[in-house]
Amino acid sequence: MKKLGSLIVLSGPSGVGKSSLIKALLAAEPELKFSISCTTRAPRPGEVDHRDYHFLTVAEFEARLRAGAFVEHAAVHRNYYGTLRSEVLEPTRAGQDVLLDIDVQGARQIRAAAARDPELARSAEFLFIGPPSLAVLEARLRGRGTDDEPTIRLRLSNAEAELRAWCEYDYVIVNDRLEEAAAELIGLVRTLRLRAPRWRENPFGLTEGE
């Protein structure tokens, strides 16, 4: 294929609505590959192994970490999260667009890796999803009813730090109204495919020197 796939690195605090936005994006762009992360946390109700996450034990995760299998990894909310190199590098090299949902720590690792890898630098784009305010985010976290009070307070504390990292990203979407934010996300992904760095060779059939 003539094009290198885009690696869309998407971050945002827990409860901001990333899952709903990703669902809308994948419905509109079914050829987009969603990168499945590894985690050591327990599955939530309805989550399926190898569909939502690769659920690993701590021992399994640490063995893969020692083997260099991750392009990024982090400890978040007392659990490990990480992205396998095979999940993102192989598809983009084959021309397929990949969506990667990771935290701010992981995005920083991807950016650092891209600084050492020109191919990754050409494909990676960084997108931050944020709430209209921290108060709105707290209401959403409490409304979903999946976490106890200590976990909610921990997530809010982490969210405040994550929101201060918005300026490290290439693009920012504020998820105030889901439909509007989804339309912005879909439009952005379609636009990224048109960027000149995606092309491996001259798209007009010219050779060097012509």
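Two strands count as paired here if DSSP finds at least two bridges between them, and that criterion underlies the account of the sheets in this predicted model. By this rule β1 and β7 are partners, since they run parallel and are joined by four bridges; within that pairing, L7 has V98 of β7 as its bridge partner.

The pairing of β1 with β7 belongs to an open sheet of five strands, whose order is β2-β7-β1-β8-β9 and whose pairing is parallel. At its edges stand β2 and β9, the latter covering residues 171-174, and each of these strands pairs on one side only. Strand β2, made of residues 33-34, meets β7 in the parallel sense over two bridges. Along that seam K33 stands opposite V98, and F34 stands opposite L99. V98 is thus a residue to look for on both sides of β7, being the bridge partner of L7 and also the residue facing K33.

A further open sheet consists of four strands in the order β4-β3-β6-β5, and here the pairing is mixed. Because β4 (54-55) and β5 each have a single partner strand, they form the edges, and one side of each is left without a neighbour in the sheet. Strand β3, residues 38-39, runs parallel to β4 and is joined to it by two bridges, with T39 finding its bridge partner in F55. C38 counts as buried because its relative accessibility is 0%, which is under the 20% limit. In the loop between β3 and β4 lies H50, a residue that has a positive phi of about 70 degrees although it is not a glycine. Most residues other than glycine have a negative phi. H50 also counts as exposed, because its relative accessibility of 52% is over the 50% limit.

Strand β6, residues 79-84, contains T83, which counts as buried because its relative accessibility is 0%. The side chain of T83 makes a polar contact of 2.6 Å with the side chain of E72. Beyond its neighbours within four places in sequence, T83 is in contact with a list of residues that includes S35, S37, F70, V71, V88, L100 and I102, as well as E72 itself.

Among the helices, α4 can be followed in some detail. This helix spans residues 104-116, and its 13 residues reach 19 Å from the first C-alpha to the last, close to the 18 Å expected at 1.5 Å a residue. At its N-terminal end D103 acts as a cap, with a side-chain oxygen 2.9 Å from the backbone nitrogen of Q105. The buried residues of α4 are V104, G106, A107, I110, A113 and A114. An α-helix has 3.6 residues a turn, so residues three or four places apart point the same way. The buried residues of α4 pack against elements that include β1, β5 and β7, along with α5 (118-123), β8 (124-130) and α7 (149-163).

In soluble globular proteins, nonpolar side chains tend to be buried together. In this model the largest nonpolar core has 23 residues, of which L25, L99, L127, I129 and L185 touch the most other members. At least two residues of this core come from each of β1, α1 (18-28), β8, α6 (134-144), α7 and α8 (178-192), and α8 gives the most, with seven residues. L185, when residues up to four places away in sequence are not counted, touches L10, L21, L25, L127 and I173. A second, separate core has 19 residues, among them V9, V71, A107 and F126; of these, A107 is one of the buried residues of α4, while V71 is among the contacts of T83.

Helix α8 also holds A183, which is partly exposed because its relative accessible area of 48% falls between the 20% and 50% limits. Although A183 and A24 are 159 residues apart along the chain, their C-alpha atoms are separated by 8.7 Å.

What does a search of the whole structure find in the way of disulfides? The search finds zero. The cysteines C38 and C167 differ in setting, since C38 is buried at 0% relative accessibility, whereas C167 counts as exposed at 54%.

Key. Residues numbered from 1 in each chain as written. Predicted model: local features only at pLDDT ≥ 70, side-chain atom pairs only at ≥ 80, totals over all residues. Heavy atoms only, no water. Disulfide = S-S within 2.5 Å. Buried < 20%, exposed > 50% of the residue type's maximum accessible area, 1.4 Å probe, protein only. Expected span 1.5 Å × (residues − 1). Contact = heavy atoms within 4.5 Å. Polar contact = N/O pair within 3.5 Å; in protein donor to acceptor, adjacent residues only side chain to side chain. Core = buried A, V, L, I, M, F, W, Y, C linked by side-chain atoms within 4.5 Å.
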